[in-house]
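Q: Could you take me through one part of this model slowly, as if I were seeing a fold up close for the first time? I'd like to start in one place and work outwards.

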Amino acid sequence: MKTYEYVLQVDNWSSKKFLILSDFLLDGKNDVRKLANLQMVLLNKRRQKESYDAIIILGNLVSSTNILRFEPYVVENLLVFMEFLGRMAPTFIAYGNHDISFCLDKTPQDNISQ
């Protein structure tokens with residue numbers, strides 16, 4: 001396992017505002033609506049002059065890493081959403097147990113037929 005540490009150098013913590021997100025658990029095309037809904041909420045906050053000093057994602061973006069292998073639509077939308085967050089504020093991601101789950105070397109159809 002690799003671990004990374006990033007220290008935010010901040011002079012006055014009490015004046016900083018963080019957005020903390022976790023557990024999107026994307027599992028297919030229908031779940032991409034979660035990202036679109038969250039993006040709309042954040043766009044409304046931005047229109048209201050709401051801003052963040054950093055965005056922290058606490059993991060479990062996907063239900064299983066297999067979704068990233070077999071659903072390009074989910075991958076594309078997740079990347080667009082992450083780019084959106086990165087434009088809002090520096091964004092940091094900690095991977096959760098679902099994000100690093102074991103990927104089978106088989107297609108979903110192979111798994112069903114067993």
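How many bridges join β1 to β2?

A: There are 4 bridges between β1 and β2, and the two strands run parallel. Before going further, keep in mind that this is a predicted model, where local features need pLDDT of at least 70, side-chain atom pairs count only at pLDDT 80 or more, and totals for chains, interfaces and linings use all residues. Residues are numbered from 1 along each chain as its sequence is written, and side-chain values use heavy atoms, with hydrogens and water left out.

A bit of vocabulary: helices (H or I, at least four residues) and strands (E, at least two) are DSSP runs, numbered from the N terminus, and two strands pair if DSSP finds at least two bridges between them.

Let's zoom in on that pairing. I20 in β1 stands opposite I56 in β2. From β1 the chain goes through α1 to reach β2, and this β-α-β crossover is right-handed (with the strands pointing away from you, the path from the first strand over the helix to the second runs clockwise).

Now step back to the whole sheet. It is an open one of 3 strands, in the order β1-β2-β3, with parallel pairing. β1 (18–21) and β3 (91–93) are at the edges with a single partner strand each, so one side of each has no neighbour in the sheet. On average, neighbouring strands are turned by 15 degrees against each other, direction ignored. (Axes are lines fitted to C-alpha atoms, for helices over the stretch in contact, and angles run from 0 to 180 degrees between N-to-C directions.)

On the other side of β2 (residues 54–57), the parallel pairing with β3 has 3 bridges. I56 turns up again here, with F92 as its bridge partner in β3. Packed on this sheet is helix α3 (residues 72–88), which touches β1, β2 and β3, and its direction makes about 145 degrees with that of β2.

Back to β1, which has two faces: L19 and L21 are on the covered one, F18 and I20 on the uncovered one.

Next, the greasy part. A nonpolar core is a set of buried Ala, Val, Leu, Ile, Met, Phe, Trp, Tyr and Cys residues joined through side-chain atoms within 4.5 Å, and buried means under 20% relative accessible area, with exposed over 50% and partly exposed in between (1.4 Å probe, protein chains only). The largest such core here has 21 residues, and F24, I55, M82 and L85 have the most contacts inside it. At least two core residues come from each of β1, α1 (32–47), β2 and α3. The biggest giver is α3, with 7 residues. In soluble globular proteins, nonpolar side chains tend to be buried together.

F24 deserves a closer look. It counts as buried because its relative accessible area is 9%. Leaving out residues up to four places away in sequence, F24 touches K34, L35, L38, N60, L61, F81 and M82; contact means heavy atoms within 4.5 Å.

One of those partners, L35, lies in helix α1. L35 is buried too, because its relative accessibility is 4%. Beyond its own sequence neighbours within four places, L35 meets F24, L26, N77, L78 and F81. L35 and F81 are 46 residues apart along the chain, yet their C-alpha atoms are separated by 6.8 Å.

That brings us to the rings. Rings of Phe, Tyr and Trp (its six-membered ring) pair if their centres lie within 6.5 Å, and planes under 30 degrees apart count as stacked, over 60 as edge-to-face and the rest as tilted. The whole structure has 2 aromatic pairs. F24 and F81 make an edge-to-face pair, 5.9 Å centre to centre with 75 degrees between the planes. This pair ties together distant parts of the chain, 57 residues apart: F24 sits in the loop between β1 and α1, and F81 in helix α3. F81 and F84 make a tilted pair, at 6.2 Å centre to centre and 35 degrees between the planes. Both of these lie in α3, 3 residues apart, which is about one turn of the helix. F81 and F84 are both buried, and F24, F81 and F84 form one aromatic cluster.

Last stop: the loop between β1 and α1, which also holds D23 and L25. D23 isn't a glycine, but it has a positive phi of about 55 degrees. L25 isn't a glycine either, and its phi is positive too, about 50 degrees. D23 counts as partly exposed because its relative accessibility is 42%, and L25 is partly exposed at 29%.
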